[in-house]
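Hi,

Here is the model I promised you; please open it alongside this message. My notes follow underneath.

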Amino acid sequence: TMGPIVHAFMVGPAADVAADKAGTPEIADLGMMDTGSLTYTFDGPGPYAFACHAPGHYEAGMAGTIAVVP
């Protein structure tokens, strides 16, 4: 990430990501030039998603879907 704004990266079932559900895998507090990693196992066809839930970021469109295909 670039710039002074802090971000987060959450991944998991789409409903949990949309709700910012506690316990959903997340890397929080990513600042400028920070990196992070997490491992997530997709256990079926989904739907899955990713998002940043820093204030205002999700609402501004910082989210997406993940398609799991055989």
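Asp16 is partly exposed, at a relative accessible area of 21% (buried is under 20%, exposed is over 50%, partly exposed is in between; 1.4 Å probe, protein chains only). Its side chain meets that of Lys21 in a salt bridge, with 3.9 Å from N to O (the rule: a side-chain nitrogen of Lys or Arg within 4 Å of a carboxyl oxygen of Asp or Glu). Lys21 is partly exposed as well, with a relative accessible area of 46%. A search of the whole structure gives 1 salt bridge, so if you are colouring charged pairs, Lys21 and Asp16 are the ones to pick.

Before you go further: this is a predicted model, where local features need pLDDT of at least 70 and side-chain atom pairs pLDDT 80 or more, while totals for chains, interfaces and linings take in all residues. Residues are numbered from 1 along each chain as its sequence is written, and side-chain values use heavy atoms, with hydrogens and water left out.

Now the overall layout. The protein chain has 1 helix and 4 strands (DSSP runs, numbered from the N terminus: H or I of at least four residues for a helix, E of at least two for a strand). Along the sequence they come in the pattern β-α-β-β-β. The C-alpha atoms fill a box of roughly 40 × 25 × 20 Å along the principal axes. The radius of gyration is 12 Å, which agrees with the value near 11 Å for a compact globule of 70 residues (taken over C-alpha atoms; the globule rule is 2.2 Å times the number of residues to the power 0.38). Of those 70 residues, 26% count as buried. Looking at contacts between residues at least 6 apart in sequence, 52% join residues at least 24 apart (a contact is heavy atoms within 4.5 Å).

Next, the aromatics. How many aromatic pairs does a search of the whole structure find? The count is 4 (ring centres of Phe, Tyr and the six-membered ring of Trp within 6.5 Å; planes under 30 degrees apart are stacked, over 60 edge-to-face, the rest tilted). One of them is Phe9 with Phe50, a stacked pair at 6.1 Å centre to centre and 25° between the planes. Phe9 sits in strand β1 (residues 7-13) and Phe50 in strand β3 (residues 48-51), so to speak two distant parts of the chain, 41 residues apart, linked by this pair. Both rings belong to partly exposed residues: Phe9 has a relative accessible area of 32%, and Phe50 has 31%.

Another pair is Tyr40 with Tyr48, which is edge-to-face: 6.1 Å between centres, 70° between planes. Is each of these tyrosines buried or partly exposed? Tyr48 counts as buried at 4% relative accessibility, whereas Tyr40 is partly exposed at 23%. Add Phe42 to Tyr40 and Tyr48, and you have one aromatic cluster.

His57 is worth a click too. Where does His57 lie? Look in the loop between β3 and β4 (63-66). This histidine is buried, with a relative accessible area of 13%. Leaving out residues up to four places away in sequence, His57 touches Ile5, Val6, His7, Cys52 and Met62. Take His7 from that list: His57 and His7 are 50 residues apart in sequence, and their C-alpha atoms are 8.2 Å apart in space.

Finally, some backbone geometry to check on your screen:

- Gly46 and Pro47 are joined by a cis peptide bond, with omega about 20°. Pro47 lies in the loop between β2 (26-30) and β3.
- Asp29 is not a glycine, yet has a positive phi of about 55°. You will find Asp29 in strand β2, and at 63% relative accessibility Asp29 counts as exposed.
- Met33 is another non-glycine with a positive phi, about 70° here. Met33 is in the loop between β2 and β3 and is exposed, with a relative accessible area of 58%.

Cheers
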